[in-house]
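Hi,

Here is the structure I said I'd pass on. Have a look at it first, and my notes on what turned up follow below.

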Amino acid sequence: MGDPTWDVVVVGAGVCGCAIARELSRLQASVLVVEAREDVCCGTSKANSAIVHAGFDAPTGSLMARLNVEGASLFPQLSRDLDFAYERIGSLVVCTREEDLPALRALLERGRANGVPELSIVGRDDLVRMEPNVSDAAVAALWAPTGGICDPFDLTCALAENAAANGVSFSLNERVTGLHRLPDDTWGVSTTRGTRVARVVVNAAGVHADEVHGMASIQPMKIVPRRGQYELLDTTAGNHVRHTVFALPTKMGKGVLVTPTVHGNLLVGPTAEDIEDKDGTQTTAEGLARVREASMLTVRDIPFRETITSFSGLRAHRPEHEFAIGEVPDAPGFVDCAGIESPGLSASPAIGRMVAGIVRDILGLSEREGFVATRRGFPRLDRISLEDWDELVRKDPAYGRVVCRCCRVSEAQIRDACRRVPGARSVDGVKRRVGATMGRCQGGFCTPRIMQILCEEVPDLDLLGVCKSGPGSELAVARDKDGIGGEAHEA
Amino acid sequence: MRPEAISRLADYDVAVVGGGSAGLSAAIAAYDAGATRVLVLERDVRLGGILNQCIHNGFGLHRFGEELTGPEYAARYERALGERPIDVMTQTTVLRVVPGQGIVAVSPEHGVFRICCKAVVLAMGCRERPRGALDIPGTRPAGVFTAGTAQHLVNVEGVLPGREVVILGSGDIGLIMARRLTLEGAHVRCVAELMPYSGGLKRNIVQCLDDFGIPLLLSHTVVGVEGQGRVSAITLAKVDDRLRPIPGTEERIPCDTLLLSVGLLPENELSREAGVRINPATRGAYVDDSLMTSVPGVFACGNVLHVHDLVDFVSEEAAHAGECAARYAMGDGSTDTGVAVTVVAGDGVRYTVPSSLHPRTMPEAVTLRFRVTGVREHCRLSAYLGNERVSTRRRDIVVPGEMQELKVRAEQLASAGGDEPLTVVVEGA
């Protein structure tokens, strides 16, 4: 297809693929990210707890522990550079039985050994002061001030936009179907669109990373989709807890977390179910019931009648429960970034650095001049001052036309989302970038208007072509009285 | 975010938030009652609210004695509004109602601004309960719409949201859409209703379902949604008398669309922020006989107060709110309203509007509006002050889907001391 030989092809545009691409864009390399889905952030990265873990969970000495702690420490600066939503609200691991206190202390010690700063154990009185709705059974908690929350869509889009601004190419709706070594030691990457040629291939394919790995290597790899179901509550419930509240894992079970989100909602979940289907993102009545039940272990009186949606996501779980990052011995120039499950989001900035370092060493790349580290975010009309909003309207009157009333998203942000690179091409793409349709009416009022704006902004798109997400998810099926029930009526 | 720091655009006697059926009627009545400076704030590009997408007829039977379409009904009020020097700001979103001061809003023309006013009428209407609030398990494909969104797509955008349709919920919009989609050539498989009775008006069941042979399945709900890109099937199940799905009754129905007509929720985010007390039964404000909320000078009417079945009654209620707001703004009527009689929802009654009456200052007669908790035949709707029945009506049948009315006269409450509530009940005939 007349394609150049790329220095690097990154397979997958989730948070890791985009973080890797951004780090690679600091180097003198041509980089292409190929993504099977219609947009960035469509797999594991889009449906998770949106937590930046402090780093006390993973076993000391593991890659997970190291990259988690390093990643979490990078978030504050990264969120300023890339202007995405991140708040260091701190996290609590709540212990509800006296006999489990030794396990809580063990968690504290592990966290300290992992290098997590500022950890301490708080007693019940302090805990109740910090978290008035904590369960009556709570006896103590591990307090980690460096725990945080972020918007994973915003983070991933920010990484992708910044990478693109620094010269990285993105190709969406392009699925990798095979890999083969070419005589000149480059890789031929077969895709649904033809063949790409790359000196190095990075496998950041999420739950499909085992399949991509298997195209290059005979060493076995297994990824098990581990489903997590969540309930999302309205912003009216967003103050129910002030920090991310985890349950101390015990014989009684792992428990679920209860946390505010950066959008002011309350998020409760996840379950952990190993399944076969890599598209198995359906919720189940049993799973959602389990979320509600398990949440009561640590937090009381959660107003579940304020639920606005439920969702589920798949973690890319490896039975070894460890990140698999590195050049694969029997496949020179093929670099795995696989098994990235929790705390993968927290570790992603560090993963980006690590993988880019591996690629740099393989290809002997040097830094290039002119890297731009910053990216302009989207104004948050629900957060900025009225004076600042007024300023925005003076510059662009479209900031005065509120389209999504629940989340206060204006026409200007929606148009901006469509004009970015890579930009929004679907209603969900708009939602991921600027939050429209994420509120209490779940797009009931604003979906038609967003469809219109997409048609105005995206070349060759009409109302019948507008999708909720990828191809096949068209929102309208025909013009009125057109093509239904046989012959079309005359206009 | 100090509202004082925002530029002050103008001063009004009465500002009405929302230019739908309630807001239009309230503004006209406020002007006619003597408020000379009246403003309507509307976020859409045009007035009329949800009436603009309701192109079916049946509006105005009570108010005008004829059957109008939604846009025709709205047009009558817009014309009446236009005949009066009432200011209208469209494409204007109200951001905050500041009690005692005014309103903060944003528009492309004026940026973020504030207006000062003596009284505010809340007329923001309601929104539809989305899928998430029901926690229907399954995937989240395209093809799940609230009935109102589908109505907008068909009637305003001119596109069909699906070909094979299942509708959950027998609220009026769902029933109307069953007919509308059938007329456009789609196939409506059925309407499923969780309750053992329909949530919509009888006339809509006859005209929208029976006339088109669309089955209404009572005591059924949707327990699953399938499909990756677009809906490919849903699963229906019967529910028991505690509304729980009965295992073994599941039926899988291939379809590409699921419409939800499962309840309307008053849009009271602005009201809550302004400190207005909200009645959990209606999700609207607690109001007195003047439709004033717990915040002095802030009035509420229409679907933001409680969800109505008929626009005619919205207009009537809103006119009362507009008139009372004008009187408040013009300083007519003392702030001393005397004792208040609390109105209580008794046996068989879910809520009442208003929830308190002032016998000394209330109009000669006040209409209590309320909903019953279940279907009841050959019964009476009565209001008791202590043991004394002060008002009663015989009814052949009452259902939760149809709002009930009962008039109470001020003179009958004259003896009330304020410690005894007025209790509204459904009782045997």
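Let's start with two helices in chain A. Residues A:Val15, A:Cys18, A:Ala19, A:Ala21 and A:Arg22 of α1(A) meet a set from α5(A), namely A:Pro152, A:Leu155, A:Thr156, A:Leu159, A:Ala160, A:Asn162 and A:Ala163. Sorted by class, that contact is made of nine nonpolar residues, two polar and one charged.

As for how these helices sit, the axes of α1 (residues 15–24) and α5 (residues 152–165) of chain A come within 8 Å and cross at roughly 30°. Angles under 35 degrees count as roughly parallel, so α1(A) and α5(A) are roughly parallel to each other. Their crossing is left-handed.

Keep in mind that this is a predicted model. It scores ipTM 0.95 and pTM 0.95. For chain B, the mean pLDDT is 94, with 98% of its residues at 70 or more.

Now to where the chains meet: 45 residues of chain B are in contact with 49 residues of chain A. On the chain B side, the elements that each supply at least two residues include β7 (102–107), β8 (111–122) and α5 (147–157). The largest share, six residues, comes from α5(B). By class, this side of chain B has 19 nonpolar, 16 polar and ten charged residues.

There is strand pairing across the chains too. Strand β23 of chain A (residues 478–479) pairs with β11(B) in the antiparallel sense, over two bridges. If you want a spot to zoom in on, A:Arg479 stands opposite B:Val159 in β11(B).

Cheers

Technical notes:
Residues are numbered from 1 along each chain as its sequence is written. Chains are lettered from A and ligands numbered from 1 in the order in which they are written. This is a predicted model: local features need pLDDT of at least 70, side-chain atom pairs count only at pLDDT 80 or more; totals for chains, interfaces and linings use all residues. pLDDT is the predictor's confidence in each residue, from 0 to 100. Two residues are in contact if their C-beta atoms, placed from the backbone, lie within 7 Å. Helices (H or I, at least four residues) and strands (E, at least two) are DSSP runs, numbered from the N terminus. Ala, Val, Leu, Ile, Met, Phe, Trp, Tyr, Cys and Pro count as nonpolar, Asp, Glu, Lys and Arg as charged, and the others, Gly among them, as polar. Two strands pair if DSSP finds at least two bridges between them. Axes are lines fitted to C-alpha atoms, for helices over the stretch in contact, and angles run from 0 to 180 degrees between N-to-C directions. Angles under 35 degrees count as roughly parallel, over 145 as roughly antiparallel, 65 to 115 as roughly perpendicular and the rest as oblique. A crossing is left-handed if the near helix is turned anticlockwise from the far one by less than a right angle, and right-handed if clockwise.
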